[in-house]
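Below is a short note on packing and empty space, set out as numbered points. Please read it with the model open beside it.

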Amino acid sequence: MPSVLDALRSPRLLVREALAGLVVALALIPEAIAFSVIAGVDPRVGLYSSFVMAVAIAFVGGRSAMISASTGAVALVVADVAPTYGLDYLLATIMLAGVFQIALGALGVAKLLRFIPRSVMVGFVNALAIIVLMSQLPQLIGVPWLTYPLVALGVVVIVLFPRLTTAVPAPLIGVIAVTAVVLIAGIDVPTVGDQGALPSALPVPLLPAVPLTGETFAIIAPYAAGVAVVGLVESLMTAKLVDDITDTRSSKTREAAGQGIAQILSSLFGGMGGCAVVGQTMMNVKISGARTRISTFLAGAFLLLLVIVFGDFVASIPMAALVAVMLMVSYAAFDWHSVRPSTLRRMPLSETTVMIVTVALTVATENLAIGVGAGMLTAAVLFVRRVAHFTTVTRRLSDDGSTAHYDVVGELFFASSNDLTTQFSYADDPSRVVIDMSRSHVWDASTVAALDAIVHKYAQRGTAVEIVGMNEASGDFHTRLTGNLP
């Protein structure tokens, strides 16, 4: 994977990174405006946030070529703050969220990614593609009929242009082609300018004017915690997704801290905060082929340049051109292999269920963090249920009938050991019982309590019980707890 220095030394790579950043910047503008509306603030707040976060994360983030900006998920979390308490409280909320994210990064929250199963990742990707598609529907409903052929034109250009050359990102050519047709033909269709006013000045640093009291903290802390969690989940999942696409590794711990730093800087420059933008990241990495931090930095830089210096031209870009780009992002992001009938027939029902739960809740709530959390919970429950059924207890009598031998096989924990006491024939067994655990493992206190209960039941009948065959870890754990549990 090329480094920043490699791109700076290669005109071809540098041009690719720059053009990719330009395409992303164009796509960020209408979304930043839309997210500002959700958060109840001026469009400039969302645009400033996207600029600051993209530039900041290019330096402090842990994943090259990933785009961070204002997002719908964060906007939904803080939707009540500005309308209820004012813009300064929103800025203070975002600043505190950044502090929380830095703290979570230091505590190693990024390491939790290893516990996310593949089925949840597939559901995450598919839900992302559906949300990107759904986000374009407002631009396709109740619009002039010429919007539809313009969108189709943009899609055709994006699909066919790479057959001519890949030196220039096809989405950029698609935007230029559709915009040219609209301007030359004088077609009246919705434009970027219709989405909201663009800023005309650079953002200036400021501190939120809120009282530094416990009451203020009590107001903003719950919202800040929500932003921190939602932002980290989306950002770390997006980083992992880019890792898979590029076959490279990134520092999730650095990414967590970087998101916090970018969040704080966003609030200092009057931004509404955000996190990794999955759609624009896919546009940057998968559609445009960007691979370095240059594209991320230039996405933010071009965004500010476009809205302040070339605001009039940007305002004239038809939304149809950007819709075409986002439709292709949606198509490219979706894991079509995961929903093929042949794949579904081979895949265990539990894996498919986890994917469906992740997709359904993500799409229903439009919050990737909720969907991923629900998917992980479903996967955990189904895994525990499946493993619990793998435990067996087999009874056999010695030749002389004086001893009953029980072979316990499987992993013993709360789900599998709760009914362990019911699998012994207390009344029918002779005066000596041997429980062989050489093919099992004791994982928790519930299992030790179950073994104690078995020994106690036999003791009440005057039967001697000997537990043998425990491995070293199980033996140490059992010895430490046995007889000491209520």
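1. This is a predicted model. The largest pocket has 33 lining residues, and those nearest its centre are Glu31, Phe35, Gly72, Ile131 and Ser135. The volume of the largest pocket is about 740 Å³.

2. Several helices line the largest pocket. Helix 2 (11-39), helix 4 (72-77), helix 7, helix 12 (278-287) and helix 15 (319-333) each contribute at least two lining residues. Helix 2 contributes the most, with six residues.

3. On the chemistry of the largest pocket, the lining comprises 21 nonpolar, nine polar and three charged residues. Glu31 is one of the residues that lie nearest the centre of the largest pocket.

4. The second largest pocket holds about 270 Å³ of space. Its lining has 15 residues, of which Val109, Leu112, Leu232, Val233 and Leu236 are nearest the centre. Helix 10 (214-246) and helix 18 (368-388) are the elements that give two or more residues to this lining. Helix 10 gives the most, with five residues. By class, the lining of the second largest pocket has 14 nonpolar residues, one polar residue and no charged residues.

5. Phe217 also belongs to helix 10. Is Phe217 buried, exposed or partly exposed? Its relative accessibility is 45%, so Phe217 counts as partly exposed. Leaving aside neighbours within four places in sequence, Phe217 is in contact with Leu96 and Pro222. Phe217 and Thr93 lie 124 residues apart in sequence, while their C-alpha atoms are 8.8 Å apart in space.

6. Turning to enclosed space, the structure has two cavities of 30 Å³ or more. The largest cavity contains about 110 Å³ of space. Its lining consists of Arg118, Ser119, Val122, Asp335, His337, Ser338, Thr343, Leu344, Met347, Glu351, Thr352 and Met355. Helix 7 (118-135), helix 16 (341-346) and helix 17 (349-365) each provide at least two of the lining residues.

7. Which classes of residue line the largest cavity? The lining has four nonpolar, five polar and three charged residues. Arg118, Asp335 and Glu351 are among the residues that line this cavity. Helix 7 appears in two of these linings: it supplies at least two residues to that of the largest cavity, and at least two to that of the largest pocket.

8. The second largest cavity holds about 30 Å³ of space. Gln139, Val143, Thr147, Val189, Pro190, Met319 and Ala320 form its lining. By class, five of these are nonpolar, two are polar and none is charged.

9. On packing, the largest nonpolar core has 72 residues. Ile29, Leu47, Phe124, Leu241 and Met283 have the most contacts inside this core. Another core lies apart from it and has 23 residues, among them Phe35, Val41, Val74 and Ala75. Phe35 is also one of the residues nearest the centre of the largest pocket.

10. What does Leu241 touch beyond its neighbours within four places in sequence? Leu241 is in contact with Met121, Phe124, Val125, Leu128, Val278 and Met282. Of these partners, Phe124 is, like Leu241, listed with the residues that have the most contacts inside the largest nonpolar core.

Terms used
Residues are numbered from 1 along each chain as its sequence is written. This is a predicted model: local features need pLDDT of at least 70, side-chain atom pairs count only at pLDDT 80 or more; totals for chains, interfaces and linings use all residues. Side-chain values use heavy atoms; hydrogens and water are left out. A nonpolar core is a set of buried Ala, Val, Leu, Ile, Met, Phe, Trp, Tyr and Cys residues joined through side-chain atoms within 4.5 Å. Buried means under 20% relative accessible area, exposed over 50%, partly exposed in between (1.4 Å probe, protein chains only). Contact means heavy atoms within 4.5 Å. On a 1 Å grid over the protein atoms alone, a cavity is a set of points where a 1.4 Å probe fits but cannot get out, and a pocket is an open set with protein on both sides within 12 Å along at least five of seven lines; lining residues have an atom within 4 Å of a point. Grid points are joined across faces, edges and corners, and a volume is the space filled by probe spheres set on the points. Helices (H or I, at least four residues) and strands (E, at least two) are DSSP runs, numbered from the N terminus. Ala, Val, Leu, Ile, Met, Phe, Trp, Tyr, Cys and Pro count as nonpolar, Asp, Glu, Lys and Arg as charged, and the others, Gly among them, as polar.
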